[in-house]
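Q: Please take a close look at the part of this model where one of its loops begins, and follow the chain outward from there. Which residues are covered and which are not, and what does each of them touch?

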Amino acid sequence: MIARRAAANTALRPRIASRCAVFAKTDLIHAQQEGHGLDAICDGLCHGLAKNIADSVAGAALPQPLVFCGVVARNRKVHRYLEDLMETPIQVEGPPQLYGALGAALRFIET
């Protein structure tokens with residue numbers, strides 16, 4: 001739902017910090033008080049999350065192709081923003097929300 005609302009946004013998106021839930025909540029309330037609609041707020045939240053991910057890997061030598069995994073990879077708007085911020089195509093393969101569980105299962109089997 002958040003990705004759909006974000007994709008429907010045609011207004012200026014507010015800046016939403018996503019590194020900390022307290023700051024995000026403050027930014028969300030402030031955006032609402034400034035009159036931003038739900039679509040714009042969802043768009044700002046998706047951009048903030050993508051920026052947080054991009055900032056976390058900035059400066060690292062990343063192998064190509066990049067694969068985005070985890071449940072957030074199912075959010076098409078975050079995926080699109082992440083590609084824009086990192087200036088590279090990023091793949092989403094299979095059921096990305098299961099990668100962590102599959103990795104844990106394989107690790108368990110190996111021991």
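**From an exposed loop to the nonpolar core**

A: Glycine 59 is found in the loop between α3 and β1; helices (H or I, at least four residues) and strands (E, at least two) are DSSP runs, numbered from the N terminus. The model is a predicted one, in which local features need pLDDT of at least 70 and side-chain atom pairs count only at pLDDT 80 or more, while totals for chains, interfaces and linings use all residues. Residues are numbered from 1 along each chain as its sequence is written, and side-chain values use heavy atoms, with hydrogens and water left out.

Glycine 59 counts as exposed because its relative accessible area is 84%; buried means under 20%, exposed over 50% and partly exposed in between, for a 1.4 Å probe and protein chains only. Between the C-alpha atoms of glycine 59 and alanine 24 there are 25 Å in space, for a separation of 35 residues in sequence. The loop from α3 to β1 (66–67) also holds proline 65. The peptide bond that leads from glutamine 64 into proline 65 is cis, its omega being near -5°.

The setting of this loop is a protein of five helices and two strands, which follow one another from the N terminus in the order α-α-α-β-α-β-α. The C-alpha trace extends about 55 × 25 × 25 Å along its principal axes. Of the 111 residues in the protein, 28% are buried. Among contacts (heavy atoms within 4.5 Å) with a separation of 6 or more, 68% are between residues 24 or more positions apart.

Helix α3 is where isoleucine 53 is placed. Isoleucine 53 is classed as partly exposed because its relative accessibility is 25%. Its neighbours within four places in sequence set aside, isoleucine 53 is in contact with Phe68, Val78 and Leu82. From its C-alpha to that of serine 18, a residue 35 places away along the chain, isoleucine 53 has a separation of 9.7 Å.

The three contact partners of isoleucine 53, Phe68, Val78 and Leu82, also belong to the largest nonpolar core. That core, a set of buried Ala, Val, Leu, Ile, Met, Phe, Trp, Tyr and Cys residues joined through side-chain atoms within 4.5 Å, has 12 residues in all: Ala6, Cys42, Cys46, Ala50, Ala54, Leu66, Phe68, Ala73, Val78, Tyr81, Leu82 and Ile90. Two elements, α3 (38–57) and α4 (76–86), each give two or more residues to this core. With four residues, α3 gives the most. One of the core members, alanine 73, is in contact with Phe68, Val92 and Pro96 once its neighbours within four places in sequence are left aside.

In α4, the buried residues are Lys77, Val78, His79, Tyr81 and Leu82. The cover over these buried residues includes α1 (2–7), α3 and β2 (90–91). At the start of α4, asparagine 75 places a side-chain oxygen within 3.0 Å of the backbone nitrogen of lysine 77. At the other end, just after α4, comes glutamate 87 with a positive phi of about 55°. Glutamate 87 sits in the loop between α4 and β2 and counts as exposed because its relative accessibility is 73%. Most residues other than glycine have a negative phi, and most peptide bonds are trans.

Helix α3 is also approached from the loop between α1 and α2 (21–33), where asparagine 9 has its place. Asparagine 9 is classed as buried because its relative accessibility is 14%. Without its neighbours within four places in sequence, asparagine 9 is in contact with Asp39, Ala40 and Asp43. The side chains of asparagine 9 and aspartate 43 are joined by a polar contact of 2.9 Å, a term for a pair of N or O atoms within 3.5 Å in which, within protein, one must be able to donate a hydrogen and the other to accept it, residues adjacent in sequence counting only if both atoms are side-chain atoms. A polar atom of the asparagine 9 side chain also lies 3.0 Å from the backbone oxygen of alanine 11.
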